[in-house]
Amino acid sequence: MSKVLAVFGATGQQGSSTVNYVLNDPELSQKYKIRAITRDVDSEKAKQLKEKVEVVRGDPLNRTSLSTALTGAHTVFIMTVNYFSPDGPDMQYNSGKTIADVAVEKGASYIIFSTLPPIKEISGGKYTSSPFDVKAEIEKYIRGLPIKSSFLSAGSFMENFQSQAILALQPAPDGTWVMARHFSPKSKWPLIDVVGDTGKFVGAILADPDKYEGKTLCAATAIYTLEEIIATISKTAGKTVVFKHISLDDFKKTLPPEIADTATEFFNYVEEFGYYGPDTEKLVAWAAANARGRLHTFEEYLEAHPVRLE
């Protein structure tokens with residue numbers, strides 16, 4: 001009999017990747033019956049999901065709905081979201097904690113949690129990033145529960161390069177495009193096609209949960225320097241993109257005010273300590289080697305989803 005795999009965030013990037021991967025894998029589709037959990041079962045994406053899998057309402061801020069959604073679940077994929085409010089980190093921590101607690105109460109056997117590197121811990125307190133550190137705190141809590149667990153820690157999303165607000169490329173008078181940053185073009189970034197490839201990492205865990213118990217898959221195809229990223233954008237967009245070093249204050253002005261401080265703190269951390277800390281390259285290589293399926297390179301991603309410079 002198939003085990004119920006409850007997937008939180010099933011209409012989002014990581015959750016939908018997990019759902020689609022399991023459905024299309026001959027072995028896992030027989031081993032697991034998917035239960036997609038979403039806050040809004042009437043959304044367009046939820047309606048599309050209903051054509052393929054069971055869809056139930058589960059609100060991380062509503063314990064009763066979680067109790068219903070997780071009844072009979074064997075494995076639970078937990079994805080928490082950022083709440084953009086002063087008490088957002090506390091809300092996210094409490095939502096992750098509550099989902100995990102209810103999973104244990106309802107007799108689930110295994111949790112897969114989408115975590116992120118503990119920036120404050122890795123940097124010895126020099127840097128903090130609430131979107132990262134709060135997930136690391138949830139991970140720490142889950143590790144202390146009486147349930148088997150493993151963790152997915154995604155690199156920087158290739159999908160983010162579709163966002164002009166993040167990419168912040170500016171046209172120059174000579175026809176080139178300028179990527180202006182306050183950090184080195186030699187800085188290193190683990191990149192993942194989060195929609196196309198998250199399921200391949202989660203799928204590896206689902207296929208052999210005992211092998212990955214207690215472990216973290218630092219999910220990325222590979223590590224790219226900013227120089228390599230710029231060269232790949234140039235090649236696939238058919239435009240010349242160049243790097244320009246600017247001051248920290250000038251860089252902040254290129255970002256939306258609400259994310260400027262958090263983003264620059266994060267960029268400084270990555271340049272100094274590495275995305276996953278000092279062992280970033282080794283951790284990414286191990287995870288990529290264990291992914292269940294071939295991962296998309298950054299060039300392949302941009303060929304399918306080109307950056308439009310006009």
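Which element gives the largest share of the lining of the second largest pocket? Keep that in mind as you load the model, which is a predicted one, and start the tour at this pocket.

**Stop 1: the second largest pocket**

Select α7 (130-143). That's the answer: α7 supplies 6 residues, the largest share of the lining of the second largest pocket. Now add α6 and β11 (216-219) to the selection; along with α7, these are the elements that give two or more residues to the lining.

To put your view on the middle of the pocket, pick Leu116, Pro117, Pro118, Ala136 and Glu139, which lie nearest its centre among the 17 lining residues. The space in here comes to about 360 Å³. Colour the lining by class and you should get 8 nonpolar, 7 charged and 2 polar residues.

**Stop 2: a bridge from the loop before α7**

Stay around α7 and select Lys126, in the loop between α6 (119-122) and α7 (130-143). Then show Glu272: the two form a salt bridge, with the closest N and O atoms 2.9 Å apart. Glu272 sits in helix α13 (residues 257-273), so to speak a long way along the chain, as the partners are 146 residues apart and link distant parts of it. Are the two ends buried or exposed? Something in between: Lys126 is partly exposed at 49% relative accessible area, and Glu272 is partly exposed too, at 42%.

**Stop 3: rings on α13**

Glu272 has brought you to α13, so select Tyr269 and Phe273 on that helix. They are 4 residues apart, about one turn of the helix. Their rings make a stacked aromatic pair, 6.1 Å centre to centre with 20° between the planes. Check the angle against the cut-off: planes under 30 degrees apart count as stacked, which is why this pair gets that label.

Switch on a surface and compare the two residues. Tyr269 is buried at 0% relative accessibility, whereas Phe273 is partly exposed at 23%. The cut-off for buried is under 20%, so Phe273 falls in the partly exposed class.

This is one of 16 aromatic pairs in the structure. For a bigger group of rings, select Phe132, Phe183, Trp189, Phe251, Phe266, Phe267, Tyr275 and Tyr276, which form one aromatic cluster.

**Stop 4: strand to helix**

Trp189 from that cluster has a neighbour in sequence worth a click: Lys188, in strand β10 (residues 188-192). Which residue does Lys188 bridge to? Show Glu281: the closest N and O atoms of this salt bridge are 2.7 Å apart. Glu281 lies in helix α14, so the bridge ties together parts that are 93 residues apart in sequence. Both partners are partly exposed, Lys188 at 43% relative accessibility and Glu281 at 47%.

**Stop 5: across the chain**

Follow α14 (280-290) into the loop that leads to α15 (298-304), and select Arg292 there. Its salt-bridge partner is Glu27, with the closest N and O atoms 3.2 Å apart. Glu27 is in the loop between α1 (13-24) and α2 (28-31), 265 residues away from Arg292, and the pair links distant parts of the chain. Arg292 is partly exposed with a relative accessible area of 23%, and Glu27 is partly exposed at 44%.

Add Asp25 before you leave, since Asp25, Glu27 and Arg292 are linked in a network of salt bridges. If you'd like to keep hunting, a search of the whole structure finds 18 salt bridges.

Conventions: Residues numbered from 1 in each chain as written. Predicted model: local features only at pLDDT ≥ 70, side-chain atom pairs only at ≥ 80, totals over all residues. Heavy atoms only, no water. Salt bridge = Lys/Arg side-chain N within 4 Å of Asp/Glu carboxyl O. Buried < 20%, exposed > 50% of the residue type's maximum accessible area, 1.4 Å probe, protein only. 1 Å grid on protein atoms, 1.4 Å probe; cavity = no way out; pocket = protein on both sides within 12 Å on 5 of 7 lines; lining within 4 Å. Points joined across faces, edges and corners; volume = space filled by probe spheres on them. Nonpolar A, V, L, I, M, F, W, Y, C, P; charged D, E, K, R; others polar. Phe/Tyr/Trp six-rings, centres within 6.5 Å; stacked < 30°, edge-to-face > 60°.
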